[in-house]
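Biologist: I should like to understand the terms applied to this structure before accepting them. May we begin with the model itself?

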Amino acid sequence: MNIILLGPPGAGKGTQAQFLVAERGMVQLSTGDMLREAKSSGTEMGKQVAEVMDRGELVTDEIVIGLIREKLETVDAPGFIFDGFPRTLKQADALGDLLADMGKTLDRVIELRVEDDVLVSRIVGRAEEAAAAGKPVRADDNEESLRTRLAAYYKMTSPLVGYYYAKGMYSRVDGMASMDEVKAQIAAQLDS
Ligand code: AMP
């Protein structure tokens, strides 16, 4: 089973993906993680995307589609969780084509719904917690970049809700509920 977790920054996609990895042996494909890795290891591509990411803007479709293609071609898994990808209609079309070419299907798209002011306080909290624990704070976890990331979500990514609804793949969970409750809601959807 291959699924997309859809939602704005701070919705809890990464956290819920981790639960699915631990409990179902699925593999999480997070383009954000892949890009941060490229950035910190200083590859040419990493240098190219660093500033764009820090500002909270989207990197090009070509780059992220290339990253996902490479993973799909080299990683074997009972199921993939796409986390932070696709973020544009072009990426969504490309994912559909890639999966079809490999004889795979996309089974569900689950949106984590969270109110905007809760997102902002979650992200600001994440940055403060990391700083207090002496851990690195994400360069884009500041209020200005966050505003840009939210704008990018509503402008570029939110149309995917209608796109996948029309394909009959879309469902949503209440991302404001507790972590365990969200986890249970996702499990119920995957098992239904
Ligand atoms: P995330 O960890 O998913 O919040 O992603 C962090 C940043 O990486 C985003 O703000 C973008 O700059 C970039 N990024 C991650 N995934 C994508 C994507 N699918 N398309 C474009 N940019 C992305």
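Modeller: A definition comes first: Ala, Val, Leu, Ile, Met, Phe, Trp, Tyr, Cys and Pro count as nonpolar, Asp, Glu, Lys and Arg as charged, and the others, Gly among them, as polar. By these classes, the shell around the ligand holds six nonpolar, four polar and six charged residues. The model is predicted, and local features need pLDDT of at least 70, side-chain atom pairs count only at pLDDT 80 or more, while totals for chains, interfaces and linings use all residues. Residues are numbered from 1 along each chain as its sequence is written, and side-chain values use heavy atoms, with hydrogens and water left out.

Biologist: Which residues come nearest to the ligand?

Modeller: Thr-31, Arg-36, Glu-57, Gly-84 and Gln-91 come nearest, out of the 16 residues around the ligand. A residue is near a molecule or strand if one of its heavy atoms lies within 4 Å of it.

Biologist: Which helix gives the largest share of the shell around the ligand?

Modeller: Helix H2 (residues 31–40) gives the largest share, with four residues. Helices (H or I, at least four residues) and strands (E, at least two) are DSSP runs, numbered from the N terminus.

Biologist: What makes the approach of Thr-31 to a nitrogen atom of the ligand a polar contact?

Modeller: A polar contact is a pair of N or O atoms within 3.5 Å; within protein, one must be able to donate a hydrogen and the other to accept it, and residues adjacent in sequence count only if both atoms are side-chain atoms. An N or O atom in the side chain of Thr-31 is 2.8 Å from a nitrogen atom of the ligand, so the pair meets the limit of 3.5 Å. For Gln-91, a side-chain N or O atom is 2.9 Å from a ligand nitrogen. Glu-57 uses a backbone N or O atom, which lies 2.5 Å from an oxygen atom of the ligand. The protein buries 96% of the 480 Å² that the ligand exposes when taken alone. Such accessible areas come from the Shrake-Rupley method with a 1.4 Å probe; for residues, only the protein chains shown count as cover.

Biologist: Why does Gln-91 count as buried?

Modeller: Buried means under 20% relative accessible area, exposed over 50%, and partly exposed in between (1.4 Å probe, protein chains only). Gln-91 has 3% relative accessibility, and therefore counts as buried. This residue is found in helix H5. Setting aside residues up to four places away in sequence, Gln-91 touches Asp-61, Val-64, Ile-65, Phe-85 and Pro-86, where contact means heavy atoms within 4.5 Å.

Biologist: Is the peptide bond from Phe-85 to Pro-86 cis or trans, and where is Pro-86 found?

Modeller: That bond is cis, with omega near -5°. Pro-86 is found in the loop between strand E3 (80–83) and H5. In general, most peptide bonds are trans.

Biologist: Why is Thr-157 called buried?

Modeller: The relative accessible area of Thr-157 is 3%, so the residue is buried. Thr-157 has its place in helix H7. Apart from neighbours within four places in sequence, its contacts are Leu-6, Pro-86, Arg-87 and Ala-152.

Biologist: How do H7 and H8 lie, and which residues meet?

Modeller: The axes of H7 (residues 143–157) and H8 (residues 159–166) come within 6 Å and cross at roughly 35°. Axes are lines fitted to C-alpha atoms, for helices over the stretch in contact, and angles run from 0 to 180 degrees between N-to-C directions. Tyr-154, Lys-155, Met-156 and Thr-157 in H7 meet Pro-159, Leu-160 and Val-161 in H8. The residues of this contact comprise five nonpolar, one polar and one charged.

Biologist: Why does Ser-192 count as exposed?

Modeller: Ser-192 has 69% relative accessibility, so the residue counts as exposed. Ser-192 lies in the segment after helix H9 (179–191). A polar contact of 3.3 Å joins its side chain to that of Arg-108. In addition, a polar atom of the Ser-192 side chain lies 3.1 Å from the backbone oxygen of Gln-189.

Biologist: Is Ile-186 in helix H9 buried or exposed?

Modeller: Ile-186 has 1% relative accessibility and therefore counts as buried. Leaving aside neighbours within four places in sequence, Ile-186 is in contact with Leu-5, Gln-16, Leu-20, Ile-110 and Val-173.
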